[in-house]
Amino acid sequence: MGVYRGPVTRSLPCTTANMDNYTNPNHQAPPGAPPQYPQGGGGYPQGGQGGYPQQGAGQPGYQTGGYNPADQQQGGYPSQNQGGGQYPPQQQQQQQGGYPPQSQGGGQYPPQQPQGGYPPQQQQGYPPQNQGGGGMPAGMPPNYSQKLSQEVDAPTWQGEVHGELRDDNEAAMPEASAPSFNDMPQIQGYSHLGDMPPPPYEGPAPVMPDRPPLPSLTKITEEEAREAFLRWVSEHCCYGKGVVKDLVFESIQPSPAFHYRLESYTESRTTKWTAVPFAGGNVDGPMNGPAPQAWQILCNSPGPFQNNVQKFEVPHTASVATCHQCRGACLVRCPRCWGRGRTRCTWCHGDGRRQEYNSQTNRHESRRCNSCNGTGQRRCMTCRGHGAVPCPTCKAHGSLKKYLELTVTFHNNVKDEVVERTDLPDQLITKAQGLLCFQEEAVPTVFPVSHFPDQEVNTASKRACDQHAGAFTASRLHRQRHNVRLVPVAECRYSYKGDSHRFFCYGEDRLVWCEDYPASCCWGCSIL
């Protein structure tokens with residue numbers, strides 16, 4: 001089970017040599033025991049580590065940026081050469097740059113290990129993969145996997161058992177439970193978990209750009225309206241096409257519609273305590289230095305305006321504790337047999353004998369049950385007679401690693417506004433093809449549209465920008481962009497057999513919306 005999906009704060013690989021220092025199946029510590037830290041080994045080098053300095057003091061932009069200024073060739077966000085400077089700006093010296101420090105006594109963060117990647121290719125990984133065991137859970141230690149996969153006649157469970165033999169109820173495996181984090185140490189800067197407010201933005205103020213003139217509106221002709229109407233009728237099997245051929249247009253009234261869209265790209269960070277099974281290896285605990293602040297940890301966006309969620313282990317916050325569910329025993333009582341390793345036979349109901357019909361004597365006779373060999377009991381199929389199953393919380397490792405988990409969420413927040421003066425539903429305008437007549441992007445915010453001749457478009461833009469300005473107080477606003485699409489709309493009125501009707505033709509793709517088609521049921525349809 002991996003716990004890191006980012007370029008930094010990744011756990012070091014587990015090693016078999018360290019496993020015995022942290023995993024002891026016979027250890028019976030009470031639940032809620034204080035955190036345990038490895039002594040004299042593991043973790044990151046302490047020489048010269050000494051915490052993490054504040055980023056970019058006195059520089060414009062955010063004082064503790066989430067982006068690594070030196071990492072410009074990874075294609076991370078934000079893009080370069082934008083108007084108004086980079087975001088966040090370049091640091092003057094690498095020693096003052098983002099998190100982590102690159103040239104301190106401990107080398108890069110995390111230090112390079114001679115073992116290679118994560119997990120090492122020649123070792124077991126974290127958690128260890130299933131090595132046989134006849135269906136034992138993945139990540140289970142090999143000794144328990146091989147032991148519990150063998151059927152036994154006498155149960156190995158040493159704990160409490162049920163008072164009497166139970167029926168074979170096919171109970172489900174026990175579920176993992178969350179441990180208590182009340183005994184975790186207080187981490188500086190993380191007294192309040194949950195949403196972590198970002199540092200204030202102190203970059204240069206955005207500048208009003210030059211805005212190009214607006215394009216002219218395209219009009220829908222009678223030929224285009226009739227062709228679009230015929231195509232729409234062909235999509236309905238019960239609509240007659242004679243109306244389209246015989247109708248007479250009375251008027252085609254153009255009415256342009258505007259679709260305004262505002263996008264705000266934000267980053268939010270939340271923290272919480274979490275726990276994972278611990279199979280041995282290095283533990284990055286408080287003995288390696290103070291934990292960096294939530295917004296000092298490096299995290300690159302996949303790209304502008306792309307949603308993404310990444311999770312990290314906050315460095316120097318991990319500790320090892322005994323599993324609260326199995327108390328370090330690695331096993332829990334089987335829910336199917338309640339620790340006895342046997343269940344009542346379902347064929348003879350525990351009597352050991354069954355009533356069978358004898359065709360020669362035409363009588364029912366009592367015979368020994370062949371299913372349980374007359375014992376009235378059968379080996380439990382869940383635990384194979386052991387009376388115990390692997391602990392689902394620690395995966396039979398006996399220990400849990402607890403640490404602060406940082407969740408980084410990149411989200412593109414979209415706000416749509418439609419300016420349209422006919423009876424056409426607004427949601428149809430947002431899906432129709434239109435002419436892009438205005439587009440603008442800025443860091444961190446854009447100026448509302450103010451140069452449109454239609455004041456309703458300017459008002460809609462101002463309303464959307466004001467709404468987004470106060471909606472992301474717990475997030476960092478990286479950049480915004482907005483655009484306006486011009487969607488042609490025509491209200492087509494026509495007469496058919498002396499009656500007046502109408503339909504709407506809209507979009508560059510000439511879609512049709514009609515409420516009252518006069519021939520909605522053709523001659524081939526009948527109501528049964």
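Guide: One term before we start: two strands pair if DSSP finds at least two bridges between them. And keep in mind that what you see above is a predicted model.

Visitor: Fine, let's use that term. Which residue in E9 is the bridge partner of tyrosine 357?

Guide: Look at strand E8 (residues 353–358) and strand E9 (residues 363–368), which run antiparallel. With 6 bridges joining them, they meet the cut-off of at least two for a pair. Across from tyrosine 357, the partner in E9 is histidine 364.

Visitor: And the turn of that hairpin? Which residue there has a positive phi?

Guide: E8 and E9 form a hairpin with 4 residues between them. Most residues other than glycine have a negative phi. In this turn, a positive phi of about 55° belongs to asparagine 362.

Visitor: Just before E8 there's a cysteine, 345. Is cysteine 345 buried or exposed?

Guide: Cysteine 345 sits in the loop between strand E7 (342–344) and E8. Beyond its neighbours within four places in sequence, its contacts include Cys369, Cys372 and Arg378. Its relative accessibility is 1%, and the cut-off for burial is under 20%, so cysteine 345 counts as buried.

Visitor: How far apart are the C-alpha atoms of cysteine 345 and leucine 165?

Guide: Along the chain, cysteine 345 and leucine 165 are 180 residues apart. In space, their C-alpha atoms are separated by 10.0 Å.

Visitor: Let's zoom out. What share of the contacts with a separation of 6 or more comes from residues 24 or more positions apart?

Guide: The protein has 6 helices and 17 strands, and buried residues make up 45% of its 528 residues. Among contacts with a separation of 6 or more, residues 24 or more positions apart account for 82%.

Visitor: On to helix H3. What span should it have, given its number of residues?

Guide: H3 covers residues 222–234, which is 13 residues. The rule is 1.5 Å times one less than the number of residues. The end C-alpha atoms of H3 agree with the expected span, which is 18 Å.

Visitor: Within what arc do the buried residues of H3 fall?

Guide: The buried residues in H3 are Ala225, Ala228, Phe229, Trp232 and Val233. Seen down the axis, they line one face of the helix, because they fall within an arc of 135°.

Visitor: Then which exposed residues does the face turned away from the buried side of H3 carry?

Guide: The buried side is taken up with packing: its residues meet helix H4 (242–246) along with strands E2, E15, E16 and E17. On the face turned away from that side, the exposed residues are Glu223 and Glu227.

Visitor: Those strands form an open sheet. Which of them stand at its edges?

Guide: The sheet's 4 strands come in the order E2-E15-E16-E17, with antiparallel pairing. A strand with a single partner has one side left without a neighbour in the sheet, so the edges belong to E2 and E17.

Visitor: What angle does H3 make with E2?

Guide: Within the sheet, 8 bridges join E15 to E16, and arginine 493 stands opposite arginine 502 in E16. H3 packs on this sheet, touching E2, E15, E16 and E17. The direction of H3 makes an angle with that of E2 of about 105°.

Visitor: Which element gives the most to the largest nonpolar core?

Guide: That core has 20 residues, and those touching the most other members include Phe229, Trp232 and Tyr517. H3, H4, E15 and E16 each give two or more residues. The most, 5 residues, come from H3.

Visitor: Now some backbone oddities. Which two residues does a cis peptide bond join?

Guide: Most peptide bonds are trans. The one to check is by the loop between strand E13 (435–442) and helix H6 (455–469), where proline 444 lies. Omega is about -10° there, and the cis bond joins valine 443 and proline 444.

Visitor: Last one: what is the relative accessible area of arginine 384?

Guide: Arginine 384 lies in the loop between strand E10 (377–379) and strand E11 (388–390), with a positive phi near 60°. The cut-off for burial is under 20%. Arginine 384 counts as buried because its relative accessible area is 19%.

How values were computed: Residues numbered from 1 in each chain as written. Predicted model: local features only at pLDDT ≥ 70, side-chain atom pairs only at ≥ 80, totals over all residues. Heavy atoms only, no water. Buried < 20%, exposed > 50% of the residue type's maximum accessible area, 1.4 Å probe, protein only. Arc of directions from axis to C-beta. Contact = heavy atoms within 4.5 Å. Axes fitted to C-alpha atoms, helices over the stretch in contact; angles between N-to-C directions. Core = buried A, V, L, I, M, F, W, Y, C linked by side-chain atoms within 4.5 Å.
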